[in-house]
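Here is a friendly walk through one protein chain, from its overall build down to a few single residues. Please keep the viewer open as you read.

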Amino acid sequence: MKTCLFGGSFDPVHEGHIAIARRAYETCGLDEIVFLPCSQSPLKETSPFLSDSQRIDCLEKALKDCPWARIDTLDLHMPRPSWSWRLIERWRELHPGHNLYWLMGTDQWEELEQWGRWQYIASMVTFIVHHRGAAPRPRPGVEALFIDGHHPASSSAIRESLSSSSPFPSGWLHPSVASELDAHRPQDNQKNLPPE
């Protein structure tokens, strides 16, 4: 079983995330891609903008037409922050016998040495690195596959639109996700997000 783990804040999930995952699935001979929303990235100072339940709801909507993808909330039930090595280790314990891959972008690949126990991570997975131009530099002794593609969507730009009265950029969100987020737009310039 060739399983690719795709960890991230998905705050919110956008069509760029789906395009990257689909590209990895189609080009790397994978059996499935598992989206793993994280509780708190060690490399980010702030918590996700959307609640856990909102992020999961958006993921379910965005992936409803992707039979090759599924969601696992394992990290949301683990202590903060979200250390990738700990998540992968625990995932392997729960799902023995899987040949594991880890999907990431070029920016994460370039910061890999900043990750906790990154060499231990490299011993457990094969990295799939998505890039938008020239392939990133390989690392000696680290197994990695490089895939290309481009989608302009940005979670931070979507959150800015969500916090204001501006529309979401066209094609950046699954229609069901856009409708869900529109329902929770701020009123009177104040966040009006429901509790988890």
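The report below starts with the model as a whole, moves on to the sheet and helices, and ends with two residues.

**The model and its confidence**

This is a predicted model, in which local features need pLDDT of at least 70 and side-chain atom pairs count only at pLDDT 80 or more, while totals for chains, interfaces and linings use all residues. Residues are numbered from 1 along each chain as its sequence is written, and side-chain values use heavy atoms, with hydrogens and water left out.

pLDDT is the predictor's confidence in each residue, on a scale from 0 to 100. Its average over the chain is 91, and 94% of the residues score at least 70. Residues 188-196 are a stretch to treat with care: pLDDT stays under 50 there, and the model has 14 contacts beyond four places in sequence for them. Where pLDDT is low, the predicted coordinates should not be read in detail.

**Overall build**

The chain holds 7 helices and 6 strands; helices (H or I, at least four residues) and strands (E, at least two) are DSSP runs, numbered from the N terminus. Read from the N terminus, the order of elements is β-α-β-α-β-α-β-α-α-β-β-α-α.

A compact globule of 196 residues would have a radius of gyration near 16 Å, and the chain agrees with 17 Å. That radius is taken over C-alpha atoms, and the globule rule is 2.2 Å times the number of residues to the power 0.38. Along the principal axes, the C-alpha atoms fill a box of roughly 55 × 35 × 30 Å. Buried residues account for 49% of the 196, where buried means under 20% relative accessible area, exposed over 50%, and partly exposed in between (1.4 Å probe, protein chains only).

**The sheet and its helices**

Where do the strands go? They form an open sheet of 6 strands in the order β3-β2-β1-β4-β5-β6, with parallel pairing. Because β3 (69-71) and β6 (144-148) each have a single partner strand, they stand at the edges with one side lacking a neighbour in the sheet. Two strands pair if DSSP finds at least two bridges between them. Strands β1 (residues 2-8) and β4 (residues 99-105) run parallel and are joined by 4 bridges; Cys-4 has Tyr-101 of β4 as its bridge partner.

Helix α3 (residues 84-94) packs on this sheet, touching β1, β2, β3 and β4. Contact means heavy atoms within 4.5 Å. Elsewhere, helix α7 (residues 175-182) has Ser-176, Val-177, Ala-178, Glu-180 and Leu-181 buried, and the buried residues of α7 pack against α2 and α6 (155-162).

**Two buried residues**

| Residue | Place | Relative accessible area |
|---|---|---|
| Arg-55 | helix α2 (residues 52-62) | 1% |
| Cys-28 | loop between α1 (15-27) and β2 (32-37) | 12% |

What lies 2.9 Å from a polar atom of the Arg-55 side chain? The backbone oxygen of Cys-38 does. Not counting residues up to four places away in sequence, Arg-55 touches a set of residues including Gly-8, Asp-11, Cys-38 and Leu-76.

Beyond its neighbours within four places in sequence, Cys-28 is in contact with Lys-2, Ile-128, Leu-145 and Ile-147. The C-alpha atoms of Cys-28 and Phe-146 are separated by 9.5 Å, although these residues are 118 residues apart along the chain.

How values were computed
A polar contact is a pair of N or O atoms within 3.5 Å; within protein, one must be able to donate a hydrogen and the other to accept it, and residues adjacent in sequence count only if both atoms are side-chain atoms. Axes are lines fitted to C-alpha atoms, for helices over the stretch in contact, and angles run from 0 to 180 degrees between N-to-C directions.
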